[in-house]
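Q: Please take a close look at one part of this structure, the second largest pocket and its surroundings, and then set that part in the context of the rest of the chain.

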Amino acid sequence: MAETESGAEKSEEPTGKRLEESRRKGQIARSKELNTLAVTLIGTVALMVLGAQIGNALLDLMRGNFSLPREVLMSEASMALHLFASGKHVLMAMQPFFIALLIASVVGPIVIGGWLFSLEALQPKGSRMNPLAGLKRMFSVQALVELLKALAKFLVILAVALLVLSMDQDDLLAIANEPLESAIMHSLQVVGWSALWLSCGLILIAAVDVPFQLWSHKNKLKMTKQEVRDEHKDAEGKPEVKGRIRQMQREIAERRMMQAVPQADVVITNPTHFAVALKYDPDKGGAPVLLAKGGDFLALKIREIAQEHQVMVLESPALARAVFYSTELDQEIPAGLYLAVAQVLAYVYQVRQYRAGKGKRPGPLPDLPIPPDLRRD
């Protein structure tokens with residue numbers, strides 16, 4: 001198990017946030033051996049496939065350069081133009097091979113780590129220039145692994161080379177007895193296949209290095225239990241911060257409720273434990289809406305504001321509790337309370353008419369019909 005500098009054991013798998021931060025810093029799994037294999041193998045195959053085409057193009061170029069007329073050879077301007085044309089001819093002949101190498105150099109690194117461009121990884125870091133840190137890296141476990149990989153690569157390539165030489169021994173000896181042209185072609189064929197087999201020898205190195213790099217990268221990103229807890233707190237928010245946010249939200253909601261109380265048609269109370277403020281707008285044609293509600297201290301505050309702004313306050317414990325528990329702020333009351341609230345609003349209208357000298361004094365508020373499913377004792 002990996003450990004931190006403090007000795008804590010890194011036993012937990014890296015979280016999504018840790019993996020994302022690692023990619024942002026340019027820290028992803030990479031295998032140099034896989035990159036070497038891709039470039040070497042694809043380059044060798046490209047030379048074997050395109051070798052004849054490239055060779056013929058270069059042969060034509062050589063013939064043309066050795067057959068230049070005397071006036072061209074004596075003219076500096078003509079020779080400069082000819083040099084430029086020859087360079088262009090070589091580049092055009094080698095272009096397919098260069099494209100194959102470019103594809104190999106791009107595909108190799110992204111096979112296991114994916115495409116990544118990180119500006120943060122390009123930024124200079126003082127720790128990389130620290131000689132003590134450099135010495136520490138030189139004598140680290142990673143440096144030992146790289147040394148063993150280099151030694152293993154040498155031994156594998158050496159073994160493959162000896163095997164290829166033993167297999168091609170007869171062909172190499174036969175080349176000495178062949179005519180020049182056929183000997184050259186035969187030599188190129190032997191060299192091409194030998195290079196291909198040597199490139200394939202890197203497959204064994206890459207097959208071992210790729211899983212090791214994936215394991216090493218994942219092991220470096222492992223976290224301690226405390227790191228996981230701290231990250232979870234940061235993602236979810238610290239309890240004291242969340243509590244403060246909830247408190248501020250409650251305060252904002254309470255202020256908004258208190259500002260809406262003067263607009264209410266009636267405030268219904270318990271009489272002391274609960275208070276709800278209702279408003280009915282006949283122009284909208286909907287049901288009465290709950291503007292404010294509260295218990296204990298908030299209920300007292302709602303009553304005080306209602307009395308200050310001459311909003312009628314009525315005592316109906318059953319209805320106050322039913323509205324309090326069944327209706328949220330700025331929502332219409334449930335259908336089961338339509339009749340009871342309608343009687344309350346009618347009573348409020350009669351009181352207002354009486355106070356304005358336009359009607360008789362109403363009697364006491366009658367018992368209100370509260371459905372059993374909405375009652376709260």
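A: A polar contact is here a pair of N or O atoms within 3.5 Å, where, within protein, one must be able to donate a hydrogen and the other to accept it. The model is predicted, and every value below is computed from it.

The second largest pocket has a volume of about 690 Å³. Its lining consists of 17 residues. Those nearest the centre of the second largest pocket are Leu47, Gly51, Ala52, Met185 and Leu188. Two helices, H2 (32-65) and H9 (180-200), each supply at least two residues of this lining. H2 gives the most, with nine residues. In character, the lining of the second largest pocket comprises eleven nonpolar and six polar residues, and no charged ones.

Ser199 offers a closer view of helix H9, in which it is placed. With a relative accessible area of 2%, Ser199 falls under the 20% limit and therefore counts as buried. The side chain of Ser199 makes a polar contact of 3.2 Å with the side chain of Thr44; this distance is within the 3.5 Å limit given above. Once neighbours within four places in sequence are set aside, Ser199 is in contact with Leu37, Thr40, Leu41 and Thr44. The residue numbers of these four partners fall within the range of H2 (32-65). As a general point, an α-helix has 3.6 residues a turn, so residues three or four places apart point the same way.

The strands form another part of the model. Strand S3 (residues 266-269) and strand S4 run antiparallel and are joined by four bridges. A hairpin of four residues links S3 to S4, and Val267 has Ala277 in S4 as its bridge partner. Strand S5 (residues 289-295) also runs antiparallel to S4, to which it is joined by six bridges. Lys279 stands opposite Val289 in S5. Strand S4 (residues 274-279) is largely enclosed by the rest of the structure, because five of its six residues are buried.

Helix H14 brings these strands together with a further helix. The buried residues of H14 are Leu319, Ala320, Arg321, Ala322, Val323 and Phe324. Among the elements that cover them are S3, S4, S5 and H15.

Pro334 lies in the loop between helix H14 (317-326) and helix H15 (338-355). Its relative accessibility is 21%, so Pro334 counts as partly exposed rather than buried, the limit for burial being under 20%. Leaving out residues up to four places away in sequence, Pro334 touches Ser326, Thr327 and Leu374. The C-alpha atom of Pro334 is separated by 8.5 Å from that of Ala287, a residue 47 positions away along the chain.

For the chain as a whole, the model contains 15 helices and six strands. Of its 377 residues, 30% are buried. Among contacts with a separation of 6 or more, 73% are between residues 24 or more positions apart. The polar contact between Ser199 and Thr44 gives one view of how residues remote in sequence meet in the region of H2 and H9.

Notes: Residues numbered from 1 in each chain as written. Predicted model: local features only at pLDDT ≥ 70, side-chain atom pairs only at ≥ 80, totals over all residues. Heavy atoms only, no water. 1 Å grid on protein atoms, 1.4 Å probe; cavity = no way out; pocket = protein on both sides within 12 Å on 5 of 7 lines; lining within 4 Å. Points joined across faces, edges and corners; volume = space filled by probe spheres on them. Nonpolar A, V, L, I, M, F, W, Y, C, P; charged D, E, K, R; others polar. Buried < 20%, exposed > 50% of the residue type's maximum accessible area, 1.4 Å probe, protein only. Contact = heavy atoms within 4.5 Å. Pairing = 2+ DSSP bridges.
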